[in-house]
Amino acid sequence: FIENNDIQALSKATFRGLKSLTHLSLANNNLQTLPRGLFKPLDILSDLDLRGNTLACDCKIKWLVEWLESTNTTVPAVFCSSPGQFEGQRIRDLALGDFQCITTDFVVHQVLPFQSVSAEPFTYASDLYVALAQPGASSCAILKWDYVERKLRDFDRIPAHSAVHCKPIVAQDQLYVVVAQLFGGSYIYRWDTAVDKFIKIQDIDSQKTRKPNDIEAFQIEGDWYFVIADSSKAGSTSLYRLNQNGFYSHQALHAWHRDTDVEYVENDGKPRLIISSSSQAPVIYQWNRGQKQFAPQGEVGEMLDVQMVKHFKVKRDQFLCLSRYIGDSKVVRWEGQRFIELQTLPSRGSMVMQPFLVEQRQYLALGSDFSFTHVYLWEEEKQKFVKFQELSVQAPRAFRYVPAADVQLLLAPSFKANTLVYRHVVVDLSL
């Protein structure tokens, strides 16, 4: 009998070895929680008194609900003191489903000792790779996933004097890498299986693409295309199409607007490009099947200085994430010709705002050059993102989700520090 002693905490081993204990009273103490498995060593416990404690009915007490359902020990009614929704309820009456104990976390899995500004995962010959643009190291680094060590390892490097984007395209059993450079022109490489190395096969017109900033690749009606956003005042965002001999210029888009990003979206079977620019609001182009070209369709609101446009889908609804370096970033719902603003997120110094889906959880990573990266989690009932976690990434330029067998990764290229690889883990707070 150890009641009325103002006991505030017990260790898991408090009753270890007391196999003959039959009666135990912890009544009228100041216990707010009990360590998991506290009563497991008590093989013949017949009576237990927990009354008069301020027990918090959170995930740390979930085990007690399970134990009360299975034990033969007589336990007088014990009531919850908190949280609010359970206050005053009998612990024995709580259902296991009342406890929301499963959460997630992003933890550092690997540190890649170099700076980078883009990350593009791809699968080739049943193996997983990542292409990273490294302007400081004058290369595109190709890393291969090691399924045994569960790490990314060096595979190959493509020389690239001032790489801003390295875009892999696996088409018709061939691996191509489009290398976009700020200086010295941009090129296309192909992996040659005969010599096991990347071979430069093509130059990209430097008069059209003067200052590339982003690359997107996609298929329309079985044909492969890629588009390069050009951020110079004298160049134009350009569309290229793959034929038997390589990629060739297909269409010039949105000339002289200092484009910062391009996003490919397909909704209701209609392919679209959304091009963000430092000189006007993001512009939407829709694919014309007859002409096999993109035609202007409209703008996304009146938002200027949009650094990046990314999309995500929840059920049948399409959403756009618009990141801004100066001013607040926006999440809008896409309704055909109209855009409904759902949420404003503070984002001073943001160059990247990336939504990504991990096992039914919709996240959003919002980077900043001046503070922590904020990871948000989508709440369907509220139709908005709520703050979830902070990540310490210096000057992030991309976030890329990579499913690697049983490991879920988030790559975070940094312009000023090491590139970080985070692992998505599921945490049971009741354990």
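**Figure 1. Four strands form an open antiparallel sheet in the order 20-21-22-23.** The view is taken from a predicted model. Strand 20 (306–314) and strand 23 (338–345) occupy the edges of this sheet. Each of these two strands has a single partner, so one side of each is left without a neighbour in the sheet. On average, neighbouring strands are turned by 25° against each other, direction ignored. Strand 22 (residues 329–335) runs antiparallel to strand 23, and seven bridges join the two. Within this part of the sheet, Glu 335 stands opposite Arg 338 of strand 23. Strands of a sheet pair through backbone hydrogen bonds, in either a parallel or an antiparallel manner.

**Figure 2. An open sheet of four strands follows the order 8-9-10-11.** The pairing in this sheet is antiparallel. Its edges are strand 8 (163–171) and strand 11 (197–204). Because each edge strand has a single partner strand, one side of each remains without a neighbour in the sheet. The average turn between neighbouring strands of this sheet is 25°, direction ignored. Strand 9 (residues 174–181) and strand 10 (residues 186–192) run antiparallel and are joined by four bridges. Val 178 is placed opposite Ile 188 of strand 10.

**Figure 3. Cys 140 and Cys 166 form a disulfide.** The sulfur atoms of this pair are 1.8 Å apart. The link is left-handed, with -80° about the S-S bond. Cys 140 belongs to strand 6 (residues 139–146) and Cys 166 to strand 8, so the disulfide ties together parts that are 26 residues apart in sequence. Is each partner buried or exposed? Cys 140 is buried, with a relative accessible area of 0%. Cys 166 is likewise buried, with a value of 0%.

**Figure 4. Cys 57 and Cys 80 are joined by a disulfide.** Their sulfur atoms lie 2.0 Å apart, and the link is left-handed, with -95° about the S-S bond. The pair connects distant parts of the chain, 23 residues apart. Cys 57 is found in the loop between strand 2 (47–49) and helix 1 (62–70), whereas Cys 80 is found in the loop between helix 1 and strand 3 (102–112). Cys 57 has a relative accessible area of 1% and is buried. Cys 80, at 4% relative accessibility, also counts as buried because the cut-off for this class is under 20%.

**Figure 5. A disulfide joins Cys 59 to Cys 101.** The distance from S to S is 2.2 Å. The torsion about the S-S bond is about -105°, so this disulfide is left-handed. Cys 59 lies in the loop between strand 2 and helix 1, and Cys 101 in the loop between helix 1 and strand 3; the pair therefore ties together parts that are 42 residues apart in sequence. Cys 59 counts as buried at 12% relative accessibility, and Cys 101 is buried with a relative accessible area of 3%. In total, the structure holds three disulfides. With bonded cysteines counted along the chain, the disulfides follow the pattern 1-3, 2-4, 5-6.

**Figure 6. The largest pocket has a volume of about 640 Å³.** Which residues of the lining are closest to the centre of this pocket? Of the 31 lining residues, they are Val 164, Asn 213, Thr 260, Met 351 and Arg 397. The elements that give two or more residues to the lining are strand 4 (118–124), strand 8, strand 12 (212–220), strand 16 (259–267) and strand 20. Strand 12 contributes the most, with four residues.

**Figure 7. The chain is divided into two domains, domain 1 (1–99) and domain 2 (101–112 + 323–430).** The C-alpha centres of domain 1 and domain 2 lie 39 Å apart.

Terms used. Residues are numbered from 1 along each chain as its sequence is written. This is a predicted model: local features need pLDDT of at least 70, side-chain atom pairs count only at pLDDT 80 or more; totals for chains, interfaces and linings use all residues. Side-chain values use heavy atoms; hydrogens and water are left out. Domain bounds come from an automatic or database domain assignment. Two strands pair if DSSP finds at least two bridges between them. Axes are lines fitted to C-alpha atoms, for helices over the stretch in contact, and angles run from 0 to 180 degrees between N-to-C directions. A disulfide is a pair of cysteine sulfur atoms within 2.5 Å. Buried means under 20% relative accessible area, exposed over 50%, partly exposed in between (1.4 Å probe, protein chains only). On a 1 Å grid over the protein atoms alone, a cavity is a set of points where a 1.4 Å probe fits but cannot get out, and a pocket is an open set with protein on both sides within 12 Å along at least five of seven lines; lining residues have an atom within 4 Å of a point. Grid points are joined across faces, edges and corners, and a volume is the space filled by probe spheres set on the points.
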